[in-house]
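User: Please take a close look at one part of this model, the helix that carries a nonpolar surface patch, and describe how its residues are placed.

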Amino acid sequence: MWTEYIKYPTKVQYQIFPRISALSEVLWSPKQSRDWTDFEPRLRAQIKRYDLWRVHYGPVVDTP
């Protein structure tokens, strides 16, 4: 988050998560193999990790 000043760490987390997971998916997956139905279960598993880490994350949309 280099584009703006955010006063609270929880707000930084909210702005970054789960966007960082989606960005990683796009950068690490070949374009032809990107598929929401494939990504969504892995994202749900990652959300469980965020909960364990007590990360404040933004909402997850159910469809692309």
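Analyst: Ile20, Leu23, Val26, Leu27 and Trp28 make a nonpolar surface patch of about 560 Å², where a patch takes residues with over 30% relative accessible area and no salt bridge (a side-chain nitrogen of Lys or Arg within 4 Å of a carboxyl oxygen of Asp or Glu) and joins nonpolar side chains (Val, Leu, Ile, Met, Phe, Trp, Tyr) within 5 Å. The model is predicted, so local features need pLDDT of at least 70 and side-chain atom pairs pLDDT 80 or more, whereas totals for chains, interfaces and linings use all residues. Residues are numbered from 1 along each chain as its sequence is written, and side-chain values use heavy atoms, without hydrogens and water.

Trp28, one of the patch residues, lies in helix H2 and is exposed, with a relative accessible area of 73%; exposed means over 50%, buried under 20% and partly exposed in between, with a 1.4 Å probe and protein chains only. Ser21 is also placed in helix H2, but Ser21 is buried at 14%. Neighbours within four places in sequence aside, Ser21 is in contact (heavy atoms within 4.5 Å) with Phe39, Leu43, Gln46 and Tyr50. Of these partners, Phe39, Leu43 and Tyr50 belong to the largest nonpolar core, which has six residues and also includes Phe17, Ile47 and Val55; such a core is a set of buried Ala, Val, Leu, Ile, Met, Phe, Trp, Tyr and Cys residues joined through side-chain atoms within 4.5 Å. With the same sequence neighbours set aside, Tyr50 has among its contacts Ile20 and Ser21, and Ile20 is itself part of the surface patch.

Technical notes: Patches are made of residues with over 30% relative accessible area and no salt bridge: like charges are joined within 9 Å, nonpolar side chains (Val, Leu, Ile, Met, Phe, Trp, Tyr) within 5 Å. Accessible areas come from the Shrake-Rupley method with a 1.4 Å probe; for residues, only the protein chains shown count as cover. Helices (H or I, at least four residues) and strands (E, at least two) are DSSP runs, numbered from the N terminus.
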